[in-house]
Amino acid sequence: MDVIICPQCRHENPLEAFVCEQCNANLKPVKSIIDTANSHYNEALSLAHEGKLDEAIGQLDAAIALSSQNAVYFNLLGTIQAQKGLFSEAIHAWEQCLNLNPEMETAHQNIEKARRMEEIRAEDFEEQPQKVNSLLIAAAACVFLLTTIFGGISSYMKSNRITTLTNDLMAIQKESSSWKSQFESLTAQFPQEGINGVLKKLTQNETLIADRDKRIEALELKIERASSNYKERMDGFRLKLQESQQEKNQMATELKMIDSLKEIIVNNETQIDLLQENITSLKEQLDLANKRIETHRKNLLLAQDNLRDIKENRDRILESSRKINEKSIQELRSQILEQRDEIAIWQRKSTDQQYADTLVIEALDHLNNNKFNLVQQNIETALERSPGHLVALYLQELIAKILDDPLEQEIRRLETIERNTRREEIKTKLIAFNLEKTRKHYDSGNFSQSINLAQRTLDLEPQNAKDIQKLHSLISQSEERNKEIVLSLIKVRKDIKLKKYKEANALLQQVLKYAPSHDEAIELLKEIPR
């Protein structure tokens, strides 16, 4: 699928679009579905190369369920079904592929090949019983030919004997020899039973042939049963072979584990030997330590006696120092109380100063808005809290002059109106200029600059709702482009490490299409060998 169809207006959009070109609908859900379907298709391709045809068909079914308008999915499904020998299902898949894309020549060629394979299979099934019948007829003919040859040979041997006898008797009885020879030749050609005996032998041969036919049919049934049993046994052998292979793999892993355990045991034994050596050395060190402890114990007893004397001296010194500290603490408390009073006075003055500052700021705002009475009230209150406030004194003189001069009041009001109108005009022009510049940054691929300028323009609080919508749209689109570029560059670095230069070059060309002056993309493009 070379386009994305909008679910609302059915407009065909390019694959890289995130918003419908006609109705501005969000195409991200549709694009995520198409990406999921493509991942199933790629998984089916890899499974088909590995020979896992049933799993590949499952992945293709999932891809078709998500995106049923992609002719490539049905083309691959037909190819895999043809590999499995399911020619009718493969033809149906290729026909669906041609319904979606009639210009796909490979699907036409595959359908013709599959139909020829079906015809060959049908001819094989039709010729098979004829071959069996011809084999049976040939076997019966061979049996009959063998019986006739045997009879002919026996008759030929008898006729040779008779001719030798008649040649001996011709010297004695020439007249009767011919009759005797004829009679004896006739009697030799026929068995003792005569023509009836020959007919009996023929019927016996026919019964033998019928019995052989029955045996041949029974043998054919046995062969079929044996072939089915052979297939079942082969399937069983395959399963057993797979189980034995799995057991072999398990045994190999267990042998590896055993080898690793042997290495661990050897290491542990060496560590045990080292530990035993350490234990012996530690025992020796322990004996030395016990001796040192005994000496230290004696020294400790002496130290305790000395410590007792030191404690008594310390108690005496602490008692004297405690009395001195109590006096100094009392003096410090009195000094702290005095400093607290001074701090309270300074805090009161600072709060009065801060409150006066806020009143002065409010008075300045009222003065800019030409609210002269409110300015006078704020100044008077500020001077009550902070009589020496310099700004308040200056504003008191200024507001007194303004209140005494009505012309000055009108002039200030007119200046305020003119200033506000100029601010609005400048603001409108600046918003339009920034919006156009933001669009230029976005079109030239400078997405970060586009986001910053759009955010600064929104800080100006534009009144036009369309301008606000355009700025938000540019911010979101620029952020999406930045994310795509970052992900693409990460993939490019991986492809360059894996020496997949063709895929890396394609991704970089796509990035430079949206951001022609992107420094990192240009540097990575230089790393790809030509």
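Start by selecting helix 3 and helix 4 (residues 87-100): these two pack at an angle of about 165°, and their axes lie 8 Å apart. That makes helix 3 roughly antiparallel to helix 4. Here "roughly antiparallel" is the label for angles over 145 degrees, while under 35 counts as roughly parallel, 65 to 115 as roughly perpendicular and the rest as oblique. The axes are lines fitted to C-alpha atoms over the stretch in contact, and the angles run from 0 to 180 degrees between N-to-C directions. Helices (H or I, at least four residues) and strands (E, at least two) are DSSP runs, numbered from the N terminus.

Before you go on, a word about the model. It is a predicted one, in which local features need pLDDT of at least 70 and side-chain atom pairs count only at pLDDT 80 or more, while totals for chains, interfaces and linings use all residues. Residues are numbered from 1 along each chain as its sequence is written, and side-chain values use heavy atoms, with hydrogens and water left out.

**Stop 1: helix 3 with helix 4**

The crossing of helix 3 and helix 4 is left-handed, a term used when the near helix is turned anticlockwise from the far one by less than a right angle (clockwise would be right-handed). Now show the side chains that form the contact, meaning heavy atoms within 4.5 Å. From helix 3, pick Ala71, Phe74, Asn75, Leu77, Gly78, Thr79, Gln81 and Ala82; from helix 4, pick Phe87, Glu89, Ala90, Ala93, Trp94, Gln96, Cys97 and Leu100. Colour them by class and you will have 10 nonpolar, five polar and one charged. For these classes, Ala, Val, Leu, Ile, Met, Phe, Trp, Tyr, Cys and Pro count as nonpolar, Asp, Glu, Lys and Arg as charged, and the others, Gly among them, as polar.

**Stop 2: helix 2 with helix 3**

Keep helix 3 (residues 71-83) and add helix 2 (residues 53-66): this pair packs at about 160°, with axes 10 Å apart. Helix 2 and helix 3 are therefore roughly antiparallel to each other, and their crossing is left-handed. Which residues meet here? On the helix 2 side they are Leu53, Ala56, Ile57, Leu60, Ala63 and Ile64, and on the helix 3 side Tyr73, Phe74, Leu76, Leu77, Ile80, Gln81 and Gln83. This contact has 11 nonpolar residues, two polar and no charged.

**Stop 3: helix 1 with helix 2**

Next, select helix 1 (residues 28-49), which packs against helix 2 at about 165° with the axes 8 Å apart. That makes helix 1 roughly antiparallel to helix 2, and it passes helix 2 in a left-handed crossing. Helix 1 brings Ile33, Thr36, Ala37, His40, Tyr41, Glu43, Ala44, Leu47 and Ala48 to the contact, and helix 2 brings Leu53, Glu55, Ala56, Gln59, Leu60, Ala62, Ala63 and Leu66. By class, there are 12 nonpolar, three polar and two charged residues.

**Stop 4: two residues in helix 10**

Jump along the chain to His441, which sits in helix 10 (residues 406-443). Is His441 buried or exposed? Its relative accessibility of 15% makes it buried, since buried means under 20% relative accessible area, exposed over 50% and partly exposed in between (1.4 Å probe, protein chains only). Leaving out residues up to four places away in sequence, His441 touches Asn446, Phe447, Gln449, Ser450 and Leu453.

Thr416 is also found in helix 10, and at 13% relative accessibility it counts as buried. With the same sequence neighbours left out, Thr416 touches Asn368 and Asn370. Draw a line between the C-alpha atoms of Thr416 and Asn370: they are separated by 8.0 Å, although the residues are 46 apart along the chain.

**Stop 5: an exposed residue in helix 8**

Glu384 belongs to helix 8 (residues 372-385) and is exposed, with a relative accessible area of 65%. Its C-alpha atom and that of Ala356, 28 residues away along the chain, are separated by 8.7 Å.

**Stop 6: two loop residues**

Most residues other than glycine have a negative phi. Glu461 has a positive phi near 55°; look for it in the loop between helix 11 (447-459) and helix 12 (465-497). With 58% relative accessibility, Glu461 counts as exposed. Then move to Lys499, whose phi is positive too, near 60°. Lys499 lies in the loop between helix 12 and helix 13 (501-514), and it is exposed at 62%.

**Last stop: the whole chain**

Zoom out to see a chain with 14 helices and two strands. Of its 530 residues, 21% count as buried.
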